[in-house]
Amino acid sequence: MYTLIREALRLPMSTFKPEVFKEDLRELSVPEDCITDFSSVVFGSRRSVLETAAGQQGTRLPCLEDFRWRVDVAVSTSSLARALQPSILMQMKLSDGNAHQFEVPISKFQELRYNVALLLKEMNDLEKRNILKIQD
């Protein structure tokens, strides 16, 4: 919800109408009581204060700087059930200097791939909605 309000505050008032904003929120299945609250925040008398606050950088989580991966295949192990089973080793370096390395089995990697594809599809569907387009 924070992102929704922040993005709404970025749009100029001349191109952003309260009726369109409310209709777009209904389209996103936002409850009616929240719609009136959001509308009063975005179009209220304290909008200039909120615009200033939204423009300032706050604390943020570290960003991903580097991502490396490789596929390993264990030829022989102490338990033969896992012999010749590939696994994926991943290493992430974050902007705060931390590095995380972990191993992902193929089944979890396939689940990750599916969920990323689903998320990208949902983002594509959201981009097609009117709330993200400037209207006159």
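Start by selecting Val73, which you'll find in strand E1. Keep in mind as you look around that this is a predicted model. Is Val73 buried, partly exposed or exposed? With a relative accessibility of 46%, it counts as partly exposed, because that value lies between the 20% cut-off for buried and the 50% cut-off for exposed.

Now widen the selection to the whole of strand E1, residues 64-73. Then add what goes with it on the surface: Leu64, Phe67, Trp69, Val71, Val73, Val75, Leu84 and Phe102 make up a nonpolar patch. Show these as a surface and you have about 810 Å² of accessible area together. Which element gives the most to this patch? That's strand E1, with 5 residues.

Next, zoom out and colour by secondary structure. The chain has 5 helices and 3 strands. Follow them from the N terminus and the order reads α-α-α-α-β-β-β-α. While the full chain is in view, switch on its surface: the accessible area is about 10500 Å², and carbon and sulfur atoms account for 56% of that. Of the 136 residues, 16% are buried. If you like drawing contacts, take those with a separation of 6 or more: 42% of them link residues 24 or more positions apart.

Time to go inside. Select Ile5, Ala8, Leu9, Phe16, Phe21, Leu25, Val30, Ile35, Phe38, Val42 and Phe43, and you've got the largest nonpolar core, with 11 residues. At least two of its residues come from each of helix H1 (2-10), helix H2 (18-27) and H3. Which helix has the largest share? H3 does, supplying 4 residues. As background, nonpolar side chains in soluble globular proteins tend to be buried together.

From that core, pick out Ile35 and show what is around it. Setting aside residues up to four places away in sequence, Ile35 touches Lys22, Leu25, Arg26 and Val30. Two of those names should ring a bell, since Leu25 and Val30 are core members too.

For the last stop, click on Ser39 in helix H3, which spans residues 32-43. Is Ser39 buried or exposed? It counts as buried because its relative accessibility is 8%, and the cut-off is under 20%. What does Ser39 contact, once neighbours within four places in sequence are left aside? Select Phe21, Lys22 and Gly44 to see its partners. Phe21 belongs to the core you've just visited, while Lys22 also turned up beside Ile35 as one of the residues it touches.

Definitions and conventions. Residues are numbered from 1 along each chain as its sequence is written. This is a predicted model: local features need pLDDT of at least 70, side-chain atom pairs count only at pLDDT 80 or more; totals for chains, interfaces and linings use all residues. Side-chain values use heavy atoms; hydrogens and water are left out. Buried means under 20% relative accessible area, exposed over 50%, partly exposed in between (1.4 Å probe, protein chains only). Contact means heavy atoms within 4.5 Å. Accessible areas come from the Shrake-Rupley method with a 1.4 Å probe; for residues, only the protein chains shown count as cover. A nonpolar core is a set of buried Ala, Val, Leu, Ile, Met, Phe, Trp, Tyr and Cys residues joined through side-chain atoms within 4.5 Å. Patches are made of residues with over 30% relative accessible area and no salt bridge: like charges are joined within 9 Å, nonpolar side chains (Val, Leu, Ile, Met, Phe, Trp, Tyr) within 5 Å. A salt bridge is a side-chain nitrogen of Lys or Arg within 4 Å of a carboxyl oxygen of Asp or Glu.
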